Amino acid sequence: MGETEQRPTAGSRLGAQENAGISTLEHGQKPPMTPPGKLISIKIQMLDDTQETFDVPQRAPGKVLHDAVCNHLNLVEGDYFGLEFPDHKKMMVWLDLLKPVMKQIRRPKHVVVKFVVKFFPPDHAQLQEELTRYLFALQVKQDLAQGRLTCNDTSTALLISHIVQSEIGDFDETIDREHLAKNKYIPHQEALEDKIMEFHRSHMGQTPAESDFQLLEIARRLEMYGIRLHPAKDREGTKINLAVANTGILVFQGHTKINAFNWAKVRKLSFKRKRFLIKLRPDVNSSFQDTLEFLMASRDFCKSFWKICVEHHAFFRLFEEPKPKPKPVLFSRGSSFRFSGRTQKQVLDYVKEGGHKKVQFERKHSKIHSIRSLTAQPSEQHTEVPKQSSSFAYGDDNDAAAVQSCRQGKELKASTEGTGQHKSPSLKKSPKEGRKVDGAVVSTVEEEEEAAKDRMQQNRPQSQQPSTGSLTGSPHLSELSINSQGGPSVANMSLSPNLSPDAKQSSPLISPLLNDPSCIRTDDEEEVKRKRFPTEKAYFIAKEVATTERTYLKDLEVITSWFQSAVSKEDCMPETLKNLIFSNFEPLHKFHTGFLKEIEQRLALWEGRSNAHIKGDYQRIGDVMLKNIQSMKQLTIHLWKHNEILMELENGIKNSRKLETFCRDFELQKVCYLPLNTFLLRPLHRLMHYKQIMERLCKHYPPSHIDFRDSRAALAEISEMVAQLHGNMIKMENFQKLHELKKDLIGIDNLVIAGREFIRLGSLSKLSGKGLQQRMFFLFNDILLYTSRGLTASNQFKVHGHLPLYGMTIEESEEEWGVPHCLTLRGQHQSIVVAASTHAEMDKWTEDIQMAIDLAEKSSGPAPELLASSPPDNKSPDETTVDQESEDDLSASRTSLERQSPHRGNTTVHVCWHRNTSVSMIDFSIAVENQLSGNLLRKFKNSNGWQKLWVVFTNFCMFFYKSHQDNHPLASLPLLGYSLTIPSESENIHKDYVFKLHFKSHVYYFRAESEYTFERWMEVIRSATSSASRTRALSHKEPHAY
């Protein structure tokens, strides 16, 4: 017998390196030995409707066939997928990976096996490869067409619009109508075509990978996502449907979920003939019986559903594959079936540890090519792969308004991957039907390919779509994220809420953005440009005034231009409130427009760009600052009004649902890259920036310098203004922070009360009967809240409980519980045990909690009881007390997208959750003082080119623009948890003024233009990457009266 012929795979046809594709093997493990013997041909129908034929030995277990399909697709995360076929009774069953194929598929010539998604994770952001997300998107498309994924018309149209975007690209009415006429995604599609095109119009600039991500983001919230119904009857004989999901077993009546049994509450699953039995754990608060019984159509149906439940429980709940039971000597009792393959945790760990290499793949139905399609061949080194594709759209802001409540500004996650190159020699793949290459060839974006992309873009003058970005996600959190116009990214800080229940770490990514050739500058060009400008420190201090003033002016325009324009189109705000806001902000905008022009004129003279012969008197900035700061004092009357503006706006939002909805929708716009009320504080923050700049200038100048006197006078003037307004600003910051946290919490109504001060928020693990569970804690001067992040549409944190600080004690209890960094908090009525991620985190919490306890003791008495808000309408029917909830509870999904709250997955709270860290009010105050803007050159770890970006650093985050004239950022990089260092010699940077940001294996280099700007960037970024001293005397502060 000669060697079997090896047909080219989907990846090899595109030049990708061969991948063993043994997705169920641990790192370094070899493929299973393929039994010798006669080969049988098995037809496999893929998710893109193509058919492939695989030849496997007769006695080969199902695992060999499954691995062959994954190998053919170059699919690393194949554990989420399964092979489904009709058995001899025409019942659809899953291929058992341990049993021989021939014993399961009796007549292979007449059977077509389907390769489909078997396990649907709670968050698609846990899918770390673009290919995996593409296959999931095809599954959603298939489920829509077959009527398995049911939802309302708006949701259906939105889903189809993302499918159309991935297949034909940007909106064109003629092309759209032709495409929809030829392709039927659902029955009776004609009635929805106008709505589909309306949504499609808002996806401008979205790549196929980004469309896949948005499609899954919407689909995962639908009640029927990933659900396969199994007909049954309850004890009363009522017809119902059973289903299994990552959270547990679900009960449906028709397509409506009426009950759910989380895995944490299920003690045992069994079946006896046609009866399916669920034995629950004892619960005094539950009305359910100890054992629930359901009757199914036959024993085979019952056993098939039981197997699926066993596999789901093992995949999502276990840390590793269960060990086989020892064979009985004489008699066997019960089924020997067990789950075979890697669990979800093992898959996540494998990809995170760099157990695979990136591959290219083709999109059968897509007619467009993304930048990833054009990249060079994969590097041999470990690379980063986008975890999720973020959507950022080009075009008019109004275009995307139709879907702002549905699209998500997400972050991407990248992890290093690598797989073996060995293949099973006895395995033959012979495609029965060749795949047509009418789809886009898409590969994952990696740092190693950045240089290739840069070169290709320089040689390719026509415009291309932006490539996929990457960020850290669940447990890996998005790092570089793209702001999407439509995405409900509150404050558009673009942070991805991708949390795996088992993993706790984050992995960052790469930005899809800014690959325009105009952004690339060679080193020689940079050197020539640098030589033209002055080199003295005073010049760069003056330049900092100009760069930060540009950003400040843009922030003012968010209120005076964008917000005012939106308000004028909607009758939702009282005239008195309109006048209060805009009459106080417009004078500031007018003044600072002239101020910026004056500074830029002075810099032009200084640089010699105009009147180059003039020297001396024009190489200074103190006189300009003194003149304008003196004029600014006349605007103090408007600055004093900002406290009233903030309070009146929040009161208006509280009292008017229409105004609340309007402000929430405005925050979804790309220009509103921070929470709306943050922009109301910007004028007071700007005064502090002037003061800091003038202090640096006075420190630099000798007393004899011509500019020293004016600079010192300007410093005195601005210091006086800051001193007058500082107390007002502190109150406003606390008030703003309480209202911002209120948006992130559900289950509490009276968070904002007089005298309450925010102290710290962060992630801790709470010890319960189920072990350590991640919780988000919020510390105030009178109370400590603990919450969990439900996988809801709004990604808010649900309050589980609260501990008044009055009478509380805190003690370290590592030895008592055997848990590192462990604390016991003993309240008057309740005690809890928590554990921090590091010893440093434990020290921060200990100090702040003890300080808050001391303050509570000195106050008048116990804090008022928190008023819990009414239970949300999406509460699971089997939910008992809040303390008994678990992260497995996904019952919050709704069918109607219109009723969902705005997406809150990208706030500082979520960054702390994903990075397992904390932030205090001191840190927020320091972040306010450490804001910076300017041009930087950015470089990825293994790329050659440097990209020039306009960067704004604020709120612990770097926001990236193509130029300072842009109205909104294209991407952002949250820096909490990052390390800031200088590149070592071994990194071969060989450039001056370069600093390095890295988080785990993800590395970014940034290059400043001078020593001064380099030191300034280092200073401000360090403020976000390292916590401030915890010492703070809250007791000396004035109480906050609202």
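A charge counts as sitting over a ring if NZ of Lys or CZ of Arg is within 6 Å of the ring centre and within 35 degrees of the ring normal. With that in hand, here are some close-up views of this predicted model.

**View A. Arginines over aromatic rings.** Two places fit the description above, and both involve an arginine. Arg760 lies over the face of Trp845, and its distance from the ring centre is 5.9 Å. In the other, Phe999 has the charged end of Arg915 over its ring, 5.0 Å from the centre.

**View B. Strand 21 and its partners.** Let's start with the surroundings of strand 21, which spans residues 797-804. Of its 8 residues, 6 are buried, so strand 21 is largely enclosed by the rest of the structure. Strand 20 (residues 783-789) pairs with strand 21 in the antiparallel sense, over 7 bridges. Within that pairing, Leu784 has Leu803 as its bridge partner. Strand 17 (residues 745-746) pairs with strand 21 too, here in the parallel sense and over 2 bridges. Look for Leu745, whose bridge partner in strand 21 is Phe797.

**View C. Phe120 meets Tyr225.** Across the whole structure, a search finds 34 aromatic pairs. In one of them, Phe120 and Tyr225 have ring centres 5.1 Å apart and planes at 80°, so the pair is edge-to-face. This pair joins distant parts of the chain, with the two positions 105 residues apart. Phe120 belongs to the loop between strand 5 (112-117) and helix 3 (130-145), while Tyr225 belongs to the loop between helix 7 (208-219) and strand 6 (230-233). Phe120 is buried, its relative accessible area being 9%, and Tyr225 is buried as well, at 11% relative accessibility.

**View D. Phe271 meets Trp306.** The ring centres of Phe271 and Trp306 are 5.3 Å apart and their planes stand at 55°, so this pair is tilted. Here, too, distant parts of the chain are linked: Phe271 sits in strand 10 (residues 266-272) and Trp306 in helix 8 (residues 299-317), 35 residues apart. Trp306 has 10% relative accessibility and counts as buried.

**View E. A cluster of rings.** Step back from Phe120 and Tyr225 and you will find both in a cluster linked by ring pairs. Its other members are Tyr80, Phe81, Phe115, Phe119, Phe136, Phe315 and Phe316.

**View F. Nonpolar cores.** In soluble globular proteins, nonpolar side chains tend to be buried together. The largest nonpolar core has 100 residues, of which Ile44, Phe115, Leu135, Phe276 and Ile278 touch the most other members. Phe115 is also part of the ring cluster in View E. Setting aside neighbours within four places in sequence, Ile44 is in contact with Thr50, Gln51, Glu52, Phe54, Leu65, Val69, Leu83, Val113 and Phe115. A second, separate core is made up of 79 residues, including Met573, Leu603, Leu681 and Ile718.

**View G. Two positive phi angles in loops.** Most residues other than glycine have a negative phi. His188, although not a glycine, has a positive phi of about 55°. His188 lies in the loop between helix 5 (173-182) and helix 6 (193-201), and it counts as exposed at 69% relative accessibility. Arg273 has a positive phi of about 55° too. Its place is the loop between strand 10 and strand 11 (275-280), where Arg273 is exposed, with a relative accessible area of 61%.

Definitions and conventions: Residues are numbered from 1 along each chain as its sequence is written. This is a predicted model: local features need pLDDT of at least 70, side-chain atom pairs count only at pLDDT 80 or more; totals for chains, interfaces and linings use all residues. Side-chain values use heavy atoms; hydrogens and water are left out. Buried means under 20% relative accessible area, exposed over 50%, partly exposed in between (1.4 Å probe, protein chains only). Helices (H or I, at least four residues) and strands (E, at least two) are DSSP runs, numbered from the N terminus. Two strands pair if DSSP finds at least two bridges between them. Rings of Phe, Tyr and Trp (its six-membered ring) pair if their centres lie within 6.5 Å; planes under 30 degrees apart count as stacked, over 60 as edge-to-face and the rest as tilted. A nonpolar core is a set of buried Ala, Val, Leu, Ile, Met, Phe, Trp, Tyr and Cys residues joined through side-chain atoms within 4.5 Å. Contact means heavy atoms within 4.5 Å.
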